[in-house]
Each structure stands twice: as C-alpha cells, then as structure tokens.
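Ready for some practice in reading a protein model? Have a look at the structure below, then work through the exercises one step at a time.

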Amino acid sequence: MLAETVVAPTLQTPAGRHGLQRQMLKWYACAGRQLPWRQSRDPYRIWLSEIMLQQTTVAAVIPYFERFTAAFPDVKALAAAPLDDVLRLWEGLGYYSRARNLHRAAGLVVSEHGGQFPADAVQLQKLPGIGRYTAGAIASFAFDLPAPIVEANTERLYARLLGLQLDVRSAAGQKQLWAFAESIVSTERPGDFNQSVMDLGARICTPTSPRCSDCPVREYCGAFRLGLQHELPRKPPRAPVTAIAELAVIPMRVQQGRRQFLLRRRDTGERWAGMWDAYREETQPEILDALPVSAFQTKPRSRVGSLFSAEHEQLPAATLERVKQQSGAVLGAVTAALQLTYAVTRFKVRLTAVVCRVHQSPRSLPDGWSWHAQEDLGELPLSKTGRQITDWLQQFGN
DNA sequence: AATACGGGGAG
DNA sequence: CTCCCAGTATT
C-alpha cells in the first residue's frame, strides 16, 4: 500500500498559499482590530492614517487621526490649509517631514489628479511621503488592488514564515520579503488579506514572546517548525546612543507691558525644519555644569525652573557673540534657567535653557527670527522640546 | 549601503 | 533602562 505521507503545508505551491490565505482571512474576520481608519474605504483617510503610522504606534496615532480628520475632512481642505496649521496639528507626533510631505502631496492630488487619489500603486508612489509600502497599503486597502506590502508586522511575520536567516534590513533580505509578499497577496481579497497579516503580526506574531499556540498559520511557519521563532527575524545591532550637551538661549524683552521672546524658525534641511525653536547650540557638558543652574537642580532628569539668585550671571562670551551674530540681539543678564533631558534619533541630549534680558534689539531682525508675545506661544508649531521650553516661558511673571 | 528623522509605549 | 513601532528620503 502506498503510504500517504503527511506533508507539512508548503508555501511553495499555489494551493499551499491559498490555504494560508484562507486561514488568514478567517482569523481576521473574528480577530481583526477595529481601527478608526478602517471605518471607510476613503483613500484620503487611509492615506492619512498610513502616513501617521509610519514608524509610529497605533495607540499614538489614534488621537491625532481623530483631530486631523475633524480639522481637514478631505484632501481639498488639507491642501487649502496653511502649512503651519498642519504642523501645529502634527506637533508631538514626530518625524515632521511627514507633515510637510503630506501637505505637498495634498496639493498635488488636487492640482494634478483632480482631487482624487490615483488607484494605482505606481502613481501613488510618485507622491511625496509615499514609498513602496504606503503605496501598496493604499492600493490594497482603498482600492482592493493586489499590491504587496512589507512593513514592521509583515516583515516579522514573513521572515518567520520563510525561516529567513538573512538580515531582514539587508538588500537581499528585503528582496526576499517583497518577493514573498508579492507571491502571497490574495488576488481575491487583497485589502483584507494585507490587513490580516498586519494584524497577525501585531497580535500574535509579536517581536518577543510570539503566541504561536494561537497562530492560525503556524503549520506553514518555517521558524515554528525549526523552533526559531525567538531568533527570527534577524536584525543588525542598533547604533549606539551618543550623549550630547546643548545650550538654549531665549532673549526676553518687555513691550508695552507684555513679555516677548525671540525665537527662530528652523530652516529646511535642519532637524525640526519649519518649526519654531529657541536658539540652540551644542556645547560641552562642563559649560552646562559651570552655569549656576546646577545649584537648583534638585531632581535629575526632571524639569527644574529656577530663578538665578544673582542678577548678573553671564553666559560664555562666545555664546553671546553667536547669539548676536545670528539674531542681532545684544544680551544682558541671565534671569532664569531650565534643565531637561530628551532623546532625539540616536542622541541623548542634556539641555539647559536660559532666558536673558536684552540690552539691544536690532531694528530689523534677520530672516526667520521674530519676537513672540508670551500669550501667543501656544499658536506656534514646536517640537516636543520646544513646547517644553515655551510651556516654561509662559509661567514667567506668574 | 548608511544615515537622518521624534516621540511614545511596552516589557 | 532597551527595544520597537503600518518607512521614506537623502547621501
């Protein structure tokens, strides 16, 4: 008698892949996440959510998505809005080039596509801020086109299914993952299928402690078969964090009984481009240590607002010179200081911000610089750190 | 191929 | 603390 060999399901054949697709869609129907951007097929809302979700957790995005769609219900409204309004709504979400590209892309959709998103991954990817993943996501979620996707969840899931030993970030690894994504995407229900693999990655095939016992496709999984689910996907070591010291200087003046602070708008190409910020310079930790604020630092790593006791504490002469050169302001005594730490990309920054009186303000300020009334600081688009500084500035005199 | 780009959440 | 997150653009 011919022994009927029980073969593990394989993803090498169309039949095997179809089996996985069916399992995924079945699982998704009862275990898929309910998310605000899944309530419609509106390409605008799907696009917006996808941009917000780039390198950003679902939990962080939800409140931004709600506020954003309330303010700008469609692509036309977004295109018509001033960039500053868009940046202000994006504030705190990070990766601000996303907001600038979003605004640019909205303008292009209106001007080049008659206000309609193209139902085509290739066309979508030509829009700023839309790469291969996002183009595939919009094409499949909004238009139900069989476009492949590879992002954090699918990358992990597919690397495990394949038992992929390559570094998933390498060109060779990415090539394999995209080829697999292309081969596995359902031609019948590509939108639901792509969302199902993302949800499985998020809920079952998690980075640490994957819940293989609950996984509907573990019989297809190379990593599970080999017991490598904790080893895969393989990633290169992370770049080490560099410690940095930073000094921020905020000139202050009083005009008609109102406090004003001198700030600048960050240039294109800089970090936090287009957003307002205090003058900042990288410095040496010793410089910060030498500032008398340290006497007031009671809690490390926390914000400490403190008035200097002496009226004539001064900053390093070189700093005063740079502030004068860049802003035109001639500074007087330091009146207050704030210490905080923050992390940005691969840097961990210890920042001391000081408020200085102004001896002399130039008749006309250099490009990008301007005085801002204390009560108007809330209107400005600022980075997280910038907001921490202005929140502190708003307490002055109270 | 490497690097820059933010901030928050989870373990 | 560390790791990770619905990546993209630039060099």
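Keep in mind that this is a predicted model.

**Exercise 1.** Find out how strand 2 pairs with strand 8, and which residue stands opposite L263.

*Solution.* Begin by locating strand 8, which covers residues 369–373. Strand 2 and strand 8 run antiparallel and are joined by five bridges. Now go to L263: across from this residue, in strand 8, you meet S370.

**Exercise 2.** Strand 2 also pairs with strand 3; describe this pairing and name the bridge partner of R264.

*Solution.* Strand 3 is made of residues 276–277. Two bridges link strand 3 to strand 2, in the antiparallel sense. For R264, the bridge partner in strand 3 is D277.

**Exercise 3.** Follow the chain through the hairpin of strand 1 and strand 2, and pick out the residue with a positive phi.

*Solution.* Strand 1 spans residues 242–255 and strand 2 spans residues 258–265. These two strands are antiparallel, with four bridges between them. Check two of the facing pairs: V254 is opposite R259, and R253 has Q260 as its bridge partner. Next, look at the turn, where two residues lie between the strands. Here Q256 has a positive phi near 50 degrees.

**Exercise 4.** Strand 1 pairs with strand 7 and with strand 4. Which pairing is parallel, and which is antiparallel?

*Solution.* Take strand 7 (residues 347–360) to start with: strand 1 and strand 7 run parallel, joined by eleven bridges. I244 is paired with V349 of strand 7. Then turn to strand 4 (residues 279–283), which pairs with strand 1 in the antiparallel sense through five bridges. In that pairing, V249 faces Y279.

**Exercise 5.** Describe the protein surface around DNA strand B, and find polar contacts made by backbone atoms of L93, Y96 and W272.

*Solution.* Start with the surroundings: 14 residues lie around DNA strand B, and Q55, Y95, Y96, A171 and K384 come nearest. Sorted by class, this surface has five nonpolar, six polar and three charged residues.

Next, consider the DNA side. Of the atoms of DNA strand B within 4 Å of the protein, 60% are in sugar or phosphate, and the rest are in bases.

Finally, go through the contacts:

- Y96: a polar backbone atom is 2.7 Å from a phosphate oxygen of DNA strand B.
- W272: a backbone N or O atom is 3.3 Å from a phosphate oxygen of DNA strand B.
- L93: a polar backbone atom is 3.4 Å from a base nitrogen of DNA strand B.

Terms used:
Residues are numbered from 1 along each chain as its sequence is written. Chains are lettered from A and ligands numbered from 1 in the order in which they are written. This is a predicted model: local features need pLDDT of at least 70, side-chain atom pairs count only at pLDDT 80 or more; totals for chains, interfaces and linings use all residues. Side-chain values use heavy atoms; hydrogens and water are left out. Two strands pair if DSSP finds at least two bridges between them. A residue is near a molecule or strand if one of its heavy atoms lies within 4 Å of it. A polar contact is a pair of N or O atoms within 3.5 Å; within protein, one must be able to donate a hydrogen and the other to accept it, and residues adjacent in sequence count only if both atoms are side-chain atoms. Ala, Val, Leu, Ile, Met, Phe, Trp, Tyr, Cys and Pro count as nonpolar, Asp, Glu, Lys and Arg as charged, and the others, Gly among them, as polar.
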